[in-house]
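Take a moment to turn the model around on your screen before reading on. We'll look at a helix, a ligand and a serine, one after the other.

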Amino acid sequence: MKTFFEARRPTLTFEIFPPKGTGDLDSIFATVDALASLAPDLISVTYGAGGTSRENTVEIASAIQNSYDIPALAHLTCVGCTRDELDRTLCTLAEKGVENVLALRGDLAEGDTLTDFKYASDLIKFIREKHKFNVFAACYPEKHVEAKSLREDITYLKNKTDQGVDVLISQLFFDNAHFYDFLETVRAAGITTPVVAGIMPITSASQISRMVSMCGATVPEAVQKIIRAYGHNSMAMKEAGITYATSQIVDLLASGVDGIHLYTMNQPDIAKRIAESLRGIFYSLRVKRG
Ligand code: FAD
């Protein structure tokens, strides 16, 4: 029998983040409403990413799963959580019918600590021993910022997938060549897990410099040119960003990528533009692959 993931390949998934603090969830549900109308294969909800909230991930993921009937993927991190706290969160997710978890070490912000689990692989081992989730994990086409080399990072990635990872989702990248080289190295290292490509449409010059400093993605000349030409005009920059991301995805799909994970930045209008222009391509690839 085909797995959840194989049955939908190539997948189109969206990522959202909870609003800051414990406040009002209306805005995020308006975002989910708009994204749900695009019938994605899954919507993922971050957990404390880039200093954003850890409070509402479970509640939002549960609503996506139960009220919208779209598979939800709850991100979970080792940062700031003990084994017991993570266990309780996993039990709650299971009770609420969420079947997918993205197991991460997490971003270490000031004051954050790692207690029982030091690496994502430790959390994955724990989930596999005690729970029954589809386990997703992160990977980095241009290496993780803390890793000494891509080779070292992939050695640890192999260790992580050996704990039982169903799907890898990549960090964002702007140059598909990095993704293809990474995929080749990963397969040569004996990692057979499907790898979904993480794509973030650029919408402003400040957004790109924030992302680059956070994750170390290379900004190719084509993107630098777009920023030089359109960076001063927010409407033109947004249009160019949507077009660039769409062309990255067209190329990835033509190259047989397992799936596309769109970092929506809670901007459903952008996701809508991209998803609608690619609808025919996704349809034809799914029909072809049966
Ligand atoms: P790991 O796989 O544990 O790797 C972390 C570092 O440790 C790497 O440099 C790796 O090479 C190294 N390493 C791994 N194992 C070992 C070992 N045994 N010995 C020595 N070194 C080792 N962050 C959030 O806080 N919340 C989110 O919701 C979130 N969502 C994300 C979604 C995606 C798709 C991606 C790609 C990232 C996301 N992040 C999120 C960011 C992520 O938490 C950070 O990049 C974090 O720094 C690493 O997490 P990881 O799970 O990849 O860590």
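Which residues of helix 4 are buried? Keep in mind that this is a predicted model. The buried ones turn out to be Leu86, Asp87, Thr89, Leu90 and Leu93. Looking down the axis of helix 4, you'd find these buried residues within an arc of 165 degrees, so they line one face of the helix. Here's the general idea behind that: an α-helix has 3.6 residues a turn, so residues three or four places apart point the same way.

Flip to the other side of helix 4 and you meet Asp84, Arg88 and Glu95, which are exposed. So what covers the buried residues of helix 4? The cover includes helix 3 (57-66), strand 3 (72-77), strand 4 (100-104) and helix 5 (120-130).

As for its dimensions, helix 4 runs over residues 83-95, which makes 13 residues. From first C-alpha to last, helix 4 reaches 18 Å, close to the 18 Å expected at 1.5 Å a residue. Just after helix 4 comes Gly97, with a positive phi of about 85 degrees.

Now for the ligand. There are 24 residues around the ligand, and Tyr47, Tyr140, His144, Asp153 and Lys160 come nearest. The table lists some polar atoms of the protein and how far each lies from an oxygen atom of the ligand.

| Residue | Part of the residue | Distance to a ligand oxygen |
|---|---|---|
| His75 | side chain | 2.9 Å |
| Gly106 | backbone | 3.1 Å |
| Tyr140 | side chain | 2.7 Å |

On its own, the ligand exposes 990 Å², and the protein buries 89% of that. Which elements give two or more residues to the shell around the ligand? They are strand 3, strand 4, helix 6 (150-162) and strand 6 (167-172). Helix 6 provides the largest share of that shell, with 3 residues.

Last stop: Ser44, which sits in strand 2 (residues 42-45). Is Ser44 buried or exposed? Its relative accessibility is 0%, so Ser44 counts as buried. Leaving aside residues up to four places away in sequence, Ser44 touches Phe14, Glu15, Ile16, Leu73, His75 and His261. With one of these, His75, there's a polar contact of 2.8 Å between the two side chains. That brings us back to the ligand, since the side chain of His75 also has a polar atom 2.9 Å from a ligand oxygen.

Key
Residues numbered from 1 in each chain as written. Predicted model: local features only at pLDDT ≥ 70, side-chain atom pairs only at ≥ 80, totals over all residues. Heavy atoms only, no water. Helix = DSSP H or I, 4+ residues; strand = E, 2+ residues; numbered from the N terminus. Buried < 20%, exposed > 50% of the residue type's maximum accessible area, 1.4 Å probe, protein only. Polar contact = N/O pair within 3.5 Å; in protein donor to acceptor, adjacent residues only side chain to side chain. Contact = heavy atoms within 4.5 Å. Expected span 1.5 Å × (residues − 1). Arc of directions from axis to C-beta. Near = heavy atom within 4 Å. Areas by Shrake-Rupley, 256 points an atom, 1.4 Å probe, with all protein chains shown as cover.
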